[in-house]
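User: I've got a model with ligands in it and I'd like to know what lies behind the labels people put on it. Can you take me through the reasoning?

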Amino acid sequence: MHSKSMEAMCGSTLQFFPWTGCDRIGGKPHAAVGGMMLNLSIRKKSGMNWIDLSKSACTRTSPGQRKFLVLSHGRKDCLESSTIELGNLYASFDKNCLLKRKAREVASCLNGRCIFLVGMMGSGKTTVGKVLAEALGYSFVDSDCYVEQAIGGESVAQIFNQYGEKFFRDNESEALQELSLMPQQVVATGGGAVVQPINWHYMKQGVTVYLDVPLDTLARRIAAVGTYSRPLLHFDSGDAYTAAFVGLFTLSKKRSDAYANADARVSLYHLAANLGLEDMCDLTPIAIAMEVLVQIGKHLKGK
Ligand SMILES: Nc1ncnc2c1ncn2[C@@H]1O[C@H](COP(=O)(O)OP(=O)(O)OP(=O)(O)O)[C@@H](O)[C@H]1O
Ligand SMILES: O=C(O)C1=C[C@@H](O)[C@@H](O)[C@H](O)C1
């Protein structure tokens with residue numbers, strides 16, 4: 001579709017929300033983290049031209065400046081589905097471009113140091129960690145999997161059942177010690193790694209980031225996949241959500257001080273609010289990974 005005809009079709013309240021799910025746009029325009037939320041007035045002020053959708057997603061409309069695609073419009077009836085699909089495609093491309101750009105900037109200050117993600121079970125350390133690692137060009141390691149392999153392939157739940165929690169914690173500490181000696185890794189730590197003071201000594205060889213996620217969101221995520229793989233939340237009776245919520249509540253009371261040791265904190269509650277989102281579920285792993293990089297950048301610059 002030609003850019004002019006798209007402009008004529010779509011009218012005047014176009015916005016770009018790179019950090020949210022494209023299909024769930026509805027929050028109020030806000031200064032987004034990583035800063036790319038455009039509306040018509042900003043577009044006019046900055047003298048932007050529409051992008052020709054038939055060209056590359058990274059079309060440069062003026063030297064050194066990359067322009068972004070339109071994703072949403074105040075009047076849904078004037079958007080053709082093909083336009084939305086194309087917008088979604090380009091938007092995810094752009095989100096990755098922005099994430100990679102931020103990752104390059106942060107990587108240049110990290111000097112190969114690892115990132116240790118800490119947080120409660122279900123906080124997204126694995127999901128976000130993989131996105132971060134990919135953007136930074138780092139390896140991704142899940143410390144629970146590392147322990148499982150070290151023990152000989154048994155699952156965390158089996159290790160808890162057979163050998164008890166102390167045995168698992170000792171092996172977890174050994175794993176973190178080994179991982180702290182290897183450069184350029186994003187490590188998703190086990191939810192309870194923060195309780196052993198010695199683990200902080202290992203993790204502080206790199207940069208530690210706390211993914212702070214409300215208990216209700218954690219419990220919903222865990223209930224969706226079941227509590228079987230998480231021995232501290234698994235009970236034979238009762239529904240999965242209640243078991244997860246009660247278990248997480250008890251653990252979080254014991255751990256909140258420990259999580260506060262992290263160098264940086266990413267609060268999903270605050271991130272969603274800053275982006276004008278009513279529902280935290282609309283925060284994509286890319287959005288959260290971007291915020292992790294922003295907070296690491298601030299930490300490294302001493303802000
Ligand atoms: N941003 C997100 N939006 C929606 N669901 C998510 C998000 N991040 C993670 N999830 C889901 O939540 C669940 C837990 O995520 P994940 O395994 O990444 O957490 P974790 O912190 O590594 O958990 P654990 O410490 O128990 O291993 C998964 O089912 C995952 O798909
Ligand atoms: O929060 C916890 O104590 C745990 C979290 C998981 O990642 C595993 O390390 C294990 O299930 C214990």
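Analyst: Sure. A polar contact is a pair of N or O atoms within 3.5 Å. Keep in mind that this is a predicted model.

User: What makes the pairing of ligand 2 with G191 a polar contact?

Analyst: An oxygen atom of ligand 2 is 3.2 Å from a polar backbone atom of G191. The cut-off is 3.5 Å, so the pair counts. The backbone of G192 also offers a polar atom, 3.3 Å from an oxygen of ligand 2. With R255 the side chain does the job: one of its N or O atoms is 2.7 Å from a ligand 2 oxygen. As for cover, ligand 2 has 310 Å² of accessible area on its own, and the protein covers 95% of that.

User: How do you know that G124 makes a polar contact with ligand 1?

Analyst: Same test. A backbone N or O atom of G124 is 3.0 Å from a ligand 1 oxygen, and the limit is 3.5 Å, so it passes. For L283, a polar backbone atom is 3.2 Å from a nitrogen of ligand 1. Ligand 1 alone exposes 630 Å², of which the protein buries 75%.

User: Why is R255 listed among the residues around ligand 2?

Analyst: To be listed, a residue needs a heavy atom within 4 Å. R255 has a side-chain N or O atom at 2.7 Å from ligand 2, so R255 belongs there. Others on that list include M121, D144 and F168.

User: Which helix gives the most to the shell around ligand 1?

Analyst: That's α4, with three residues.

Definitions and conventions
Residues numbered from 1 in each chain as written. Chains lettered and ligands numbered in written order. Predicted model: local features only at pLDDT ≥ 70, side-chain atom pairs only at ≥ 80, totals over all residues. Heavy atoms only, no water. Polar contact = N/O pair within 3.5 Å; in protein donor to acceptor, adjacent residues only side chain to side chain. Areas by Shrake-Rupley, 256 points an atom, 1.4 Å probe, with all protein chains shown as cover. Helix = DSSP H or I, 4+ residues; strand = E, 2+ residues; numbered from the N terminus.
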